[in-house]
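Good morning, everyone. Please take a moment to look at the structure on the screen, and then I will walk you through it.

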Amino acid sequence: MKYFALILSVLILFSCHVDPKNIEDKITEIEDKLAETDFRKFFSPFAKESDPLDSLAQRAHDIESDVSVKQLKKDIEKQTKILNSALLSSQNLGRTYYLLGLKFLDYQMYGQAMQYFQQALEYYPEKPELFYNIGVAAGWMSDAQAEPGKRKQYLDQARFNLERALKLMPNYATALLALAVLYSYSFNMPYEAKALIKRYKEIEVPSTTSLFVEAHIAAQTMDEHTAIEIYTDLSSTANTPEERAKAAENRNLLLGR
């Protein structure tokens with residue numbers, strides 16, 4: 001029974017108010033005793049006839065009956081409940097920040113939206129939707145900046161967060177489209193944008209927005225034939241009269257009309 005008592009003494013040591021100066025000495029003492037133990041004798045084929053498995057069961061029973069062990073188990077259960085409650089509270093707070101961010105984004109209050117999304121990241125640091133929405137909000141904030149340095153700062157934030165979203169979720173369709181827009185319109189990276197649009201089309205049916213972006217990229221990469229084809233199609237199929245008029249205008253610009 002002494003071997004289990006040694007292990008038990010470690011548990012009791014940390015559950016009571018022990019003088020910190022004596023802790024290291026106690027640990028060293030226990031480790032020295034354990035080092036002298038031949039634990040092989042607890043297991044076949046090294047078990048001795050004089051030390052049957054029944055004695056091991058008895059020692060286990062003694063531990064379960066020990067008042068200190070029972071108290072320690074109660075403390076573990078109590079702390080586990082507290083921890084679970086704290087985790088649930090943190091999750092709820094993280095979701096609240098996220099929902100507030102979405103609400104401010106919907107109201108086009110992009111700076112506030114970014115702040116709430118960033119607070120939510122403290123609770124969900126691997127959530128791609130958070131990075132995506134921060135990227136979108138930062139992109140909109142860049143348009144509101146008169147100072148070039150500030151504009152670039154927000155564009156860099158948008159790029160970082162959209163790239164991070166795609167690293168976490170490579171097939172995140174809306175993030176692919178958003179980053180393609182950013183690469184094409186703000187960073188003059190049409191070939192990188194073209195690769196993103198290709199990935200987008202493998203996941204989603206092309207939308208009016210994605211077709212406008214694809215046509216813009218085609219024009220940037222000197223593929224005017226493709227751009228004209230897309231704009232011509234959009235001039236009759238786009239969702240709104242404004243979009244159809246814009247597509248016709250872009251097509252005519254490429255045709256030199």
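Helices (H or I, at least four residues) and strands (E, at least two) are DSSP runs, numbered from the N terminus. With that in mind, the chain has 12 helices and 0 strands, and read along the sequence it follows the pattern α-α-α-α-α-α-α-α-α-α-α-α.

This is a predicted model, in which local features need pLDDT of at least 70, side-chain atom pairs count only at pLDDT 80 or more, and totals for chains, interfaces and linings use all residues. Residues are numbered from 1 along each chain as its sequence is written, and side-chain values use heavy atoms, with hydrogens and water left out.

The pLDDT, the predictor's confidence in each residue from 0 to 100, averages 80 over the chain, and 67% of the residues score at least 70. Among the elements, helix α7 (residues 148-168) has the highest mean, 97, while helix α1 (residues 2-15) has the lowest, 41. Over residues 1-18 the pLDDT is below 50, and it also stays under 50 over residues 37-50.

Turning to burial, which means under 20% relative accessible area, with exposed over 50% and partly exposed in between (1.4 Å probe, protein chains only), 31% of the 257 residues count as buried.

Let us take one residue as an example: is Thr208 buried or exposed? Thr208, which is found in helix α10 (residues 208-220), is buried, with a relative accessible area of 11%. Leaving aside neighbours within four places in sequence, Thr208 is in contact (heavy atoms within 4.5 Å) with Leu234, Ala238, Asn239 and Glu243.
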